[in-house]
Amino acid sequence: MAAFSPEHRSIISVLLLGAALVGTLDILFATSFWAIRGVPPVRILQSVAAGVQGSDAYRGGNSSALLGLGLHFFIAACMVLAFYLASRQWPVLVRYPLLAGCAYGVFLYIVMNRVVVPLSAVPPPRPGPIDWPWVLSSIVVHMVFVGLPSVFVARYLQSIAAR
């Protein structure tokens, strides 16, 4: 099996750095937001693991939290990669980075909350009022901390490919 070319290694490195940035910013927001409300970071990470473990994630201790952290960064990598691949098909996505990044962040928020989470093993939420501070800040965070970095990663990779 042939090794990756230097160009492919560079692309992979930039995508991984982008995923690390997106994943770190997003999880720092989530853990900070909920810490203010008295929820420990382990519980936030367990809630990510609940996507595959269901309710058992909350009884899984640090192992479930580590699984949740790994899943969180895997999802971040998929988000960055998906935008990069889309931008190769539709270069207009990187011509207007603020618009594209914000739109991508909203799109991701909707997909995560209306498709991914409902199809996962996460237990359904208890009925109750909508937590508007969480919802609105999560949308903004997806725009700024997920969408925009994804656009700038894709834009950078397209600029080095054009050289």
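In the predicted model, the buried residues of helix α5 are Pro97, Ala100, Gly101, Tyr104, Gly105, Leu108, Tyr109 and Met112. These buried positions pack against three other helices, namely α3 (61-89), α4 (92-95) and α6 (132-161). Helix α5 comprises 23 residues (residues 97-119), and at 1.5 Å a residue it should span 33 Å. Its end C-alpha atoms lie 31 Å apart, which agrees with that expectation. The helix is nevertheless bent, by about 40°, at methionine 112. Methionine 112 is also one of the buried residues of α5.

Helix α3, against which α5 packs, was examined in the same way. For its 29 residues a span of 42 Å is expected at 1.5 Å a residue, and the end C-alpha atoms are 43 Å apart, again in agreement. The buried residues of α3 are Ser64, Ala65, Gly68, His72, Ala76, Met79, Val80, Phe83, Tyr84, Ala86 and Ser87. Of these, methionine 79 is in contact with Tyr104, Leu108 and Met112, as well as with Val146 and Ser150, when neighbours within four places in sequence are left aside. Tyr104, Leu108 and Met112 are among the buried residues of α5.

Leucine 71 also has its place in helix α3. With a relative accessible area of 22%, leucine 71 is partly exposed, because the limit for a buried residue is under 20%. Residues up to four places away in sequence not being counted, leucine 71 touches Val48, Ala49 and Val52. Between leucine 71 and isoleucine 36 the separation is 35 residues in sequence and 24 Å in space, C-alpha to C-alpha.

The largest nonpolar core contains 19 residues, of which Leu15, Met79, Phe83, Tyr84, Val153 and Leu157 touch the most other members. Helices α1 (6-36), α3, α5 and α6 each supply at least two residues of this core. Apart from it lies another core, of nine residues, among them Ala30, Phe33, Ile44 and Val141. In soluble globular proteins, nonpolar side chains tend to be buried together.

Contacts between α1 and α3 can be followed from alanine 19. This residue is found in helix α1 and is buried, its relative accessible area being 4%. Alanine 19 and alanine 77 are 58 residues apart in sequence, yet their C-alpha atoms are 4.5 Å apart in space. Leaving aside neighbours within four places in sequence, alanine 19 is in contact with Phe73, Ala76, Ala77 and Val80. Ala76 and Val80 are among the buried residues of α3.

Histidine 142 provides a corresponding view from helix α6, in which it lies. The side of the buried limit on which histidine 142 falls is given by its relative accessible area of 11%, and the residue is therefore buried. Beyond its neighbours within four places in sequence, histidine 142 is in contact with Asp26, Gly105, Leu108, Tyr109 and Gly147. Gly105, Leu108 and Tyr109 are among the buried residues of α5.

Seven aromatic pairs are present in the structure. In one of them, the rings of phenylalanine 29 and tryptophan 134 have their centres 5.5 Å apart and their planes at 10°, so the pair is stacked. Because phenylalanine 29 lies in helix α1 and tryptophan 134 in helix α6, this pair ties together parts that are 105 residues apart in sequence. Phenylalanine 29 counts as buried, at 15% relative accessibility, whereas tryptophan 134 is partly exposed, with a relative accessible area of 25%. The rings of phenylalanine 33 and tryptophan 34 have their centres 5.1 Å apart, with their planes at 70°, so this pair is edge-to-face. Phenylalanine 33 and tryptophan 34 are both buried. Together, Phe29, Phe33, Trp34 and Trp134 form one aromatic cluster. Phe33 is also a member of the nine-residue core described above.

Finally, cysteine residues were considered. A disulfide is a covalent bond between the sulfur atoms of two cysteines. The structure holds zero disulfides. Cysteine 78 is partly exposed, with a relative accessible area of 37%. Cysteine 102 is likewise partly exposed, at a relative accessible area of 24%.

How values were computed. Residues are numbered from 1 along each chain as its sequence is written. This is a predicted model: local features need pLDDT of at least 70, side-chain atom pairs count only at pLDDT 80 or more; totals for chains, interfaces and linings use all residues. Side-chain values use heavy atoms; hydrogens and water are left out. The expected span of a helix is 1.5 Å times one less than its number of residues. The bend at a residue is the angle between axes fitted to the seven residues ending there and the seven starting there. Buried means under 20% relative accessible area, exposed over 50%, partly exposed in between (1.4 Å probe, protein chains only). Contact means heavy atoms within 4.5 Å. A disulfide is a pair of cysteine sulfur atoms within 2.5 Å. A nonpolar core is a set of buried Ala, Val, Leu, Ile, Met, Phe, Trp, Tyr and Cys residues joined through side-chain atoms within 4.5 Å. Rings of Phe, Tyr and Trp (its six-membered ring) pair if their centres lie within 6.5 Å; planes under 30 degrees apart count as stacked, over 60 as edge-to-face and the rest as tilted.
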